[in-house]
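Let's take a walk through this fold, strand by strand and helix by helix. Keep the viewer open as you read.

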Amino acid sequence: MKKIGFLSFGHWSDHPSYLTRTGGDTLLQSIDLSVAAEEIGLDGAYFRVHHFARQLASPFPLLAAIGAKTNSIEIGTGVIDMRYENPLYMVEDASAADLIAGHRLQLGISRGSPEQVIEGWRHFGYEPKEGETDADMGRRKAMEFLDKLKGEGFAEPNPYPMFPNPPGLLRLEPYADGLRDRIWWGAASNATAIWAAENGMNLQSSTLKFDENGKPFHIQQAEQIRLYKEAWKKSGHGREPRVSVSRSIFAIVNDQDRYYFGQQGKGDDSFGYIEADKRAVFGRSYAAEPDLLIKELANDEAIQEADTLLLTIPNTLGVDYNIHVLSSILEHVAPALGWK
């Protein structure tokens, strides 16, 4: 395990037990949490993107703000739903945020998961082309995004421009060198993991995947990662790929931890439907005293296959408690997983 980061869904609600009562609370606390996470030595700050929900939605202002206030921590998403995106405008936003952060962006994108509203991307002005599904549309937009990130000219310049142009076709600006190699695909199936490898994207695999053989979650996920690595090798890319997995892991080191999470680690994987025709397997949560936690995680095959672990956090409990959660993992558990 080379890197450990956190993954926040950015929930907020006007609830008595929440320390994130508003969208502003969540955004500002996300910045503070990222700064504090860098100070304790965490490797990454990642954020989920959901539309039409009281969660983080528009990632680039947040990523840019974190980039301006930190120096070394990786900053990313897990994931941006490409069905909602204008790929060219996204290139400009992502490149600007990456330059502000000093080339630390690690953007996770995907075709998206079931959303809060029916076909929400239509409200954003998008619809599949004839013969396409919404998943096809998301992948098509992803490919356009990747293509334009290369920084190659494609637009015919105006012969009478307001400002002088360089020679040749024009590209989108600003250009962020190397960002194309720091795009990740969130894959829920083996097939899309292979597709991500073939198209030179890193792999993000979350706490659920489509159930493809009835095996335990961590075994199915490990199989997915191995298929991805094989496809990457066959594709002949000139760099090593990265693979992240997400987990809910809590080291119980005091009574407050026991109160919040004492019962969560006793569950098993679960199976259910996230779409009408898509049966999924959901990974269990881990919560235990550090010694037991280390033994349990050592048997998680997918964690052993990945180079990056993203810890899902209870962001509604505030910055201080989440730093305690992350610090407990770094101090008591991470070294046994091979982290630094």
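Start with strands S8 and S13, residues 243-247 and 308-312, which pair in the parallel sense over four bridges. Pick out Ser246 and you'll find its bridge partner in S13, Leu310. This is a predicted model, by the way, so read everything below with that in mind.

Where do S8 and S13 belong in the wider picture? They sit in a closed barrel of eight strands that runs S1-S2-S3-S4-S5-S6-S8-S13, with parallel pairing. On average, neighbouring strands of this sheet are turned by 25 degrees against each other, ignoring direction. Helix H6, residues 217-235, lies across S6 (202-205) and S8, and it runs at about 165 degrees to S8.

Go round to S1, residues 3-8. S1 and S13 pair in the parallel sense over five bridges, while S1 and S2 (residues 44-47) pair in the parallel sense over four. Gly5 is a handy residue to click on here: it stands opposite Leu310 in S13, and it also stands opposite Gly44 in S2. So how much of S1 is covered? Mostly covered is the answer, with five of its six residues buried. To get from S1 to S2, follow helix H1, residues 23-39: S1, H1 and S2 make a right-handed β-α-β unit.

Now for a couple of helices. H8 covers residues 290-298, and its buried residues are Pro290, Leu293 and Leu297. Seen down the axis of H8, these buried residues fall within an arc of 55 degrees, so they line one face of the helix. The general rule behind this sort of pattern is that an α-helix has 3.6 residues a turn, so residues three or four places apart point the same way. Flip to the other side of H8 and you have Asp291 and Lys295, both exposed. What covers the buried residues of H8? The cover includes strand S9 (249-251), strand S12 (286-288), helix H9 (301-305) and helix H10 (319-332).

H10 is worth a stop of its own. It has 14 residues and reaches 20 Å from its first C-alpha to its last, close to the 20 Å expected at 1.5 Å a residue. Its buried residues include Val319, Tyr321, Ile323, Val325 and Leu326, and Asn322 and Ser328 are also among them. What covers them includes S1, H1, S9, helix H7 (255-261), H8 and S13, so you can trace this helix back to the strands where the tour began, S13 being one of the elements in that cover.

Besides the barrel, there's an open sheet of three strands with the order S7-S11-S10 and antiparallel pairing. Its edge strands are S7 (208-210) and S10 (270-275), each of which pairs on one side only. The twist averages 40 degrees from one strand to the next. H6 turns up again here: it packs on the sheet, touching S7 and S11, and its direction makes about 70 degrees with that of S7. Within the sheet, S10 and S11 (residues 278-282) pair in the antiparallel sense over five bridges, and the bridge partner of Glu275 in S11 is Lys278.

Finally, some backbone details that a torsion check would flag. Which peptide bond ending at Val79 is cis? The bond from Gly78 to Val79 is, with omega near 10 degrees, and Val79 lies in strand S3, residues 74-81. A cis peptide bond also joins Glu173 and Pro174, with omega about 0 degrees. Glu173 lies in the loop between helix H4 (134-149) and strand S5 (183-186), and Pro174 is found in the loop between H4 and S5 too. At 45% relative accessibility, Glu173 counts as partly exposed. The C-alpha atoms of Glu173 and Leu107, 66 residues apart along the chain, are separated by 18 Å.

Then look at phi. Phe52 has a value near 60 degrees, positive in a residue other than glycine. It is found in the loop between S2 and helix H2 (59-69) and is partly exposed, with a relative accessible area of 42%. Glu119 has a positive phi of about 50 degrees although it is not a glycine. You'll find Glu119 in the loop between strand S4 (105-110) and H4, where it counts as partly exposed at 37% relative accessibility.

Terms used: Residues are numbered from 1 along each chain as its sequence is written. This is a predicted model: local features need pLDDT of at least 70, side-chain atom pairs count only at pLDDT 80 or more; totals for chains, interfaces and linings use all residues. Side-chain values use heavy atoms; hydrogens and water are left out. Two strands pair if DSSP finds at least two bridges between them. Helices (H or I, at least four residues) and strands (E, at least two) are DSSP runs, numbered from the N terminus. Axes are lines fitted to C-alpha atoms, for helices over the stretch in contact, and angles run from 0 to 180 degrees between N-to-C directions. Contact means heavy atoms within 4.5 Å. Buried means under 20% relative accessible area, exposed over 50%, partly exposed in between (1.4 Å probe, protein chains only). A crossover is right-handed if, with the strands pointing away from the viewer, the path from the first strand over the helix to the second runs clockwise. The arc is that of the directions from the helix axis to the C-beta atoms. The expected span of a helix is 1.5 Å times one less than its number of residues.
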